[in-house]
Amino acid sequence: MISGRCNCGAVTFQIEQAPTDVYVCHCSICRKYTGSNGMPVVIVRKEDFRWLSGQSLITHWKKPDADWESTFCSVCGSSLPGPNDEARMFVPAGLLPDEVSDLEVKHHIFVGSKACWDIIGDSGKQHDERIT
C-alpha cells in the first residue's frame, strides 16, 4: 500500500497495490495539461484507490470538444488522479513518493502526435495511439 499527495499536501490518496508500470501520454492535450512533453501516469483499479483527504479541494475541467477531463488541486494546482475508464484510475506518477522504486516506463502512448522536439530516450514500448 502506498500513499500519494499533491504538491501542497492538501489532497492525499492511497493505492492498495503498488504499481510498477508507467505510461507516458504524449498527446497534445496532456502536453498542454502539464506544459511538458507529456504526462507520466500509473493505472490502478478503482477498487484499489481511495481518497484520504482534500476531496473538497479537487477541481475538474472537461475539455469541451473531447472526452477528456482534468482534475487538479485548487490550492496548489497539482495534477490529480482521475478516471481512466470505467474500471481504472490514472494517477500522475509524480504524485507518488520517491521511495516507490519499482516504477519503470513501460509504454509511451499517442507517440503519433508527440511534439516534434520530443525525443523518447528510454526502452518503453511506443504506441501511435492509446492502448488498453
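User: What makes β3 and β10 count as a pair?

Analyst: Two strands pair if DSSP finds at least two bridges between them. Five bridges join β3 (residues 21-25) to β10, so the rule is met. These two strands run parallel, and V24 stands opposite H108 in β10. Before we go on: the model is predicted, with pLDDT of at least 70 needed for local features and 80 or more for side-chain atom pairs, while totals for chains, interfaces and linings use all residues. Residues are numbered from 1 along each chain as its sequence is written, and side-chain values use heavy atoms, leaving out hydrogens and water.

User: Where do names like β3 come from, and how do strands hold on to each other?

Analyst: Helices (H or I, at least four residues) and strands (E, at least two) are DSSP runs, numbered from the N terminus. Strands of a sheet pair through backbone hydrogen bonds, in parallel or antiparallel fashion.

User: Why do β8 and β11 stand at the edges?

Analyst: Look at the order in the open sheet of six strands: β8-β9-β4-β3-β10-β11, with mixed pairing. β8 (82-83) and β11 each have a single partner strand, so one side of each is left without a neighbour in the sheet.

User: What pairs with β2?

Analyst: Four bridges join β1 (residues 2-5) to β2 in the antiparallel sense, with S3 partnered by Q14. β2 also pairs with β5 (residues 49-53), again antiparallel and over four bridges; there, Q14 has R50 as its bridge partner. β1 and β2 form a hairpin with six residues between them, and G9 in the turn has a positive phi of about 85°.

User: How do you know that both faces of β2 are covered?

Analyst: In a regular strand the side chains alternate between the two faces of the sheet. In β2 (residues 12-15), T12 and Q14 on one side are buried, and F13 and I15 on the other are buried too.

User: Why is V11 called buried?

Analyst: Buried means under 20% relative accessible area, exposed over 50%, and partly exposed in between (1.4 Å probe, protein chains only). V11 comes in at 0%, so the label is buried. V11 is in the loop between β1 and β2. Leaving out residues up to four places away in sequence, the residues that V11 touches (contact means heavy atoms within 4.5 Å) include W51, L57, C73 and L80.

User: And what makes P40 partly exposed?

Analyst: P40 has a relative accessible area of 37%, which falls between the two cut-offs, so partly exposed is the right label. P40 sits in strand β4, and V22, Y23 and V24 are among the residues that P40 touches beyond four places in sequence.

User: How do you know that R45 and D48 form a salt bridge?

Analyst: A salt bridge is a side-chain nitrogen of Lys or Arg within 4 Å of a carboxyl oxygen of Asp or Glu. The closest N and O atoms of R45 and D48 are 3.0 Å apart, so the pair qualifies. R45 also meets E47 at 3.4 Å, and R45, E47 and D48 are linked in a network of salt bridges. Their settings vary: D48 is buried at 11%, R45 is partly exposed at 42%, and E47 is exposed at 56%. The whole structure has four salt bridges, including the one between E104 and K106 at 4.0 Å.

User: Why does D118 have no salt bridge?

Analyst: Lys and Arg count as positive, Asp and Glu as negative, while His and the chain ends are not counted. The nearest side chain of opposite charge, K114, is 5.5 Å away from D118, so the 4 Å limit is not met. D118 is buried, lies in the loop between β10 (104-109) and β11 (125-126), and is in contact with H26 and N37, leaving aside neighbours within four places in sequence.

User: Which residues lie nearest the centre of the largest pocket?

Analyst: W68, P83, N84, F90 and R130, out of 25 lining residues. β3, α1 (28-34), β4 (39-45), β8 and β9 (88-92) each supply at least two residues of that lining. The pocket holds about 680 Å³ of space. On a 1 Å grid over the protein atoms alone, a pocket is an open set of points where a 1.4 Å probe fits, with protein on both sides within 12 Å along at least five of seven lines, and lining residues have an atom within 4 Å of a point. Grid points are joined across faces, edges and corners, and the volume is the space filled by probe spheres set on them.
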